[in-house]
Every structure is written in structure tokens, then in C-alpha cells.
Amino acid sequence: MEDSGRMFDLSEEWNISFAGCGFRSIYYVGALSCILERVPQLVHGASKFGGASSGCLVAAALAVGIPIEQLCFSILNLAKGARKHTFGVFHPTFRMLHTVRDSLLEKLPEDAHILATGRLYVSLTRLPDGGNVLVSKFDTKEELIQVERTGQPITHGQAGA
């Protein structure tokens, strides 16, 4: 790559990954909105998207083409629902995984698993040994949703167990 003042060569392949950490996903949505406004080719030109925990939701939205505005709306609704409870997401009656699943069912296209396979990489932790597992093949939309919901430790080496 010859020095043209760019940080990297846009003609080569690149990937984008998002770390987890609770509601950091709303930060990602804001940053992505700015990037999409200023340098959209940086996002649209990425060949793969990866994520762990809350970051895998943002990665999935990009991989299957859910508009950032819809993702932002879903995340803010989740936060709004959590704030209704005394202990937020830690309140025993707040069912975050069910809320996330319902949102994904509503927003994901029927062929989301096909669009995501080989383009979305979800990082999961295997409980028995703490090993990292990257899942990038999804046979059905429901399996994709299960892996997205999991975004947390999996048991016995089984995604979605």
C-alpha cells in the first residue's frame, strides 16, 4: 500500500467488531450514525461484523441490513423498560432476554439467518472451560435469534443450549 494519507487501504478487506458491556450498544449506534453520515463506505465496505454480548446485536443489525434508526429505537425502548423497575435490568421481573427476542423477531427479515451466515460472527463463552466460541453459521432465523440472545456463556459447547 502506498502512502496516500489513509489509515488503511480501502481496496483490501476489513471487518468491524463490537465489544459487549451492557448498554454500550447505544454508544455504538451513535458512533455508527456519525460514521454513516461522514464515511459510509467504512461501514458498507466491511465484509464481516463481529460482536460479543450487547455488541453482537449491533453487529447483527449491520450484517442483515436493519437500519440504525430502528436499532436505536429498540435499544432505547429496552432501556426505558428497564428504568420502570427499581433495580433496572437487575429487577427480578425485568425479562431482558424475552424483550430482546421479541424485538429481534419483529425486526429481523425472514432470511436473516441466510444474510448473517458467514458475515456475522458472534463471540460466546463456553461455560465448562471458559473457552471462546465464534458462531457464524445459522440454519434458521430462530437459531440466529437464540445465539443473539445468548451473547452470554453457553453450556456443554452447544450454542443456544
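## A four-stranded mixed sheet and its helices

Four strands make up an open sheet here, ordered β1-β2-β3-β4, with mixed pairing. The edges belong to β1 (15-18) and β4, each of which pairs on one side only. From one strand to the next, the twist averages 20°. Keep in mind that this is a predicted model.

Zooming out for a moment, the chain carries seven helices and four strands. Following the sequence, they come in the pattern β-α-α-β-α-α-α-α-β-β-α. Of the 161 residues in the chain, 37% are buried. Among contacts between residues at least 6 apart in sequence, 66% join residues at least 24 apart.

### Walking across the sheet

Here are the strand pairings, side by side.

| Pair | Sense | Bridges | Residues standing opposite |
|---|---|---|---|
| β1 and β2 | parallel | four | Phe18 and Gly51 of β2 |
| β2 and β3 | parallel | four | Gly51 and Val122 of β3 |
| β3 and β4 | antiparallel | four | Ser123 and Leu134 of β4 |

Gly51 is a handy landmark: Phe18 stands opposite Gly51 in β2, and Gly51 in turn stands opposite Val122 in β3. For orientation, β2 spans residues 48-52, while β4 spans residues 132-135.

Now for β3, which covers residues 120-125. In a regular strand, side chains alternate between the two faces of the sheet. Which residues of β3 are on the covered face, and which on the uncovered one? Leu120, Val122 and Leu124 are on the covered face, with Tyr121, Ser123 and Thr125 on the uncovered one. So the two landmarks in β3 split up: Val122, the partner of Gly51, belongs to the covered set, and Ser123, the partner of Leu134, belongs to the uncovered set.

The β3 and β4 hairpin has six residues between its strands, and Gly130 takes a positive phi near 75° there.

### Helices on the sheet

Helix α3 (residues 54-64) lies across β1, β2 and β3, and runs at about 160° to β2. Helix α7 packs on the sheet as well, touching β3 and β4, with its direction making about 50° with that of β3.

How many of the residues of α3 are buried? The count is 10 of its 11, so the helix is mostly covered. The buried set is Ser54, Gly55, Cys56, Val58, Ala59, Ala60, Ala61, Leu62, Ala63 and Val64. Just after α3, Gly65 takes a positive phi of about 85°.

As for α7 (residues 141-150), seven of its 10 residues are buried, so the rest of the structure largely encloses it. Those buried residues are Lys141, Leu144, Ile145, Val147, Glu148, Arg149 and Thr150.

### A buried lysine

Lys141 is worth a look. This residue is found in α7. Why does Lys141 count as buried? Its relative accessibility is 10%, and buried means under 20%. Leaving aside neighbours within four places in sequence, what is Lys141 in contact with? The list is Leu104, Leu105, Leu108, Pro109, Glu110 and His113.

### Two helices side by side

Two packed helices are described by the angle between their axes and the distance between the axes. For α1 (residues 24-38) and α4 (residues 68-83), the axes come within 10 Å and cross at roughly 160°. That angle makes α1 roughly antiparallel to α4, because anything over 145 degrees counts that way. The crossing of α1 and α4 is left-handed.

Which residues make the contact? From α1 come Ser25, Ile26, Val29, Leu32, Ser33 and Leu36, and from α4 come Ile68, Leu71, Cys72, Ile75 and Leu76. Sorted by type, the residues of this contact are nine nonpolar, two polar and no charged.

Notes: Residues numbered from 1 in each chain as written. Predicted model: local features only at pLDDT ≥ 70, side-chain atom pairs only at ≥ 80, totals over all residues. Heavy atoms only, no water. Buried < 20%, exposed > 50% of the residue type's maximum accessible area, 1.4 Å probe, protein only. Pairing = 2+ DSSP bridges. Contact = heavy atoms within 4.5 Å. Axes fitted to C-alpha atoms, helices over the stretch in contact; angles between N-to-C directions. Parallel < 35°, antiparallel > 145°, perpendicular 65-115°, else oblique. Left-handed = near helix turned anticlockwise from the far one by under 90°. Nonpolar A, V, L, I, M, F, W, Y, C, P; charged D, E, K, R; others polar.
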